[in-house]
Amino acid sequence: MISNDHGLKYDGIKDGFLTTATQCPSPNANQRPSGKLVSLLVIHNISLPPGEFGTGCVQKFFTNQLDSSSHPYFLTISELKVSAHVFIERTGNIIQFVPFDARAWHAGASSFRGVANCNDYSIGIELEGCDDIEYTDAQYEALASLTRQIVAAYPDITPDRIVGHNQIAPERKTDPGEAFDWLRFHQLLATN
Ligand SMILES: [Zn+2]
């Protein structure tokens with residue numbers, strides 16, 4: 001974290017871009033409704049094909065370039081146009097698809113504390129993974145570091161407004177799953 005003479009913090013997020021991330025722009029995004037503060041962080045998981053890591057297929061999926069004939073599962077998702085702001089690979093590498101100020105299409109039908117359409121006011125982070133496979137140390141560290149930077153840039157995201165996809169769409173979604181160690185994540189957030 002760097003502070004200038006005026007006390008402003010430059011935490012590596014500039015104009016909605018994480019300066020240290022690999023940029024992979026997705027067309028599956030649009031403007032947030034005017035007047036909507038960014039005030040929620042949603043943690044997800046994804047792997048494509050499910051359970052396989054490091055394939056490059058998530059990047060293709062979020063940019064509408066997935067070859068639906070290359071795997072039977074891909075046929076079932078070929079019509080979807082989705083994205084997330086960032087994707088954290090098993091190595092801890094961070095890929096950004098959508099600037100944080102824009103609206104990524106990650107949450108779907110969702111609601112938090114009675115406010116629907118979480119995409120309008122949230123940032124979505126995808127961890128490369130599955131509900132029942134332990135996430136890597138590198139992912140926890142990258143996630144905690146990124147979350148600190150996001151919270152510095154978007155202070156309406158208070159610790160109680162960092163949730164799993166399962167919490168905002170409980171009928172449809174289970175991610176990030178029981179494998180995600182919330183206590184460890186919050187401890188990392190608090191101590192670094
Ligand atoms: Zn999800």
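Pro49 lies in the loop between S7 and H1, where helices (H or I, at least four residues) and strands (E, at least two) are DSSP runs numbered from the N terminus. The peptide bond that joins Leu48 and Pro49 is cis, with omega at about -15°. The model is a predicted one, in which local features need pLDDT of at least 70 and side-chain atom pairs count only at pLDDT 80 or more, whereas totals for chains, interfaces and linings use all residues. Residues are numbered from 1 along each chain as its sequence is written, and side-chain values use heavy atoms, with hydrogens and water left out.

A second cis peptide bond runs from Asp175 to Pro176, with omega near 10°, and Pro176 lies in the loop between H4 and H5. Asp175 also takes part in a metal site, since the zinc ion is coordinated by His44 (ND1), His165 (ND1) and Asp175 (OD), at 2.1 Å. Donors are here N, O and S atoms within 2.8 Å of the metal (3.2 Å for Na, K and Ca), and sites may look incomplete because water is not among the atoms. Along the chain, the donors of the zinc ion follow the spacing H-x120-H-x9-D. Distant parts of the chain are linked by the pair of His44, in strand S7, and His165, in helix H4 (residues 165-168), which are 121 residues apart.

Strand S7 belongs to an open sheet of six strands, with the order S5-S9-S8-S13-S7-S14 and mixed pairing; two strands pair if DSSP finds at least two bridges between them. Strand S5 (22-23) and strand S14 (162-164) stand at the edges, and each has a single partner strand, so that one side of each is left without a neighbour in the sheet. S7 and strand S13 (residues 122-128) pair in the parallel sense over seven bridges, and Val42 has Gly124 in S13 as its bridge partner.

Two helices lie across strands of this sheet. Helix H3 (residues 137-153) lies across S7, strand S8 (86-88), strand S9 (94-96), S13 and S14, running at about 170° to S13, while helix H5 (residues 182-191) lies across S7 and S14, running at about 160° to S14. Contact means heavy atoms within 4.5 Å; axes are lines fitted to C-alpha atoms, for helices over the stretch in contact, and angles run from 0 to 180 degrees between N-to-C directions.

The largest pocket (on a 1 Å grid over the protein atoms alone, an open set of points where a 1.4 Å probe fits, with protein on both sides within 12 Å along at least five of seven lines) is lined by 28 residues, of which Asn45, Ile46, Tyr73, Glu126 and Lys173 lie nearest its centre; lining residues have an atom within 4 Å of a point. Strand S7 (40-46), helix H1 (57-62) and helix H2 (72-77) are the elements that give two or more residues to this lining, and S7 gives the most, with three residues.
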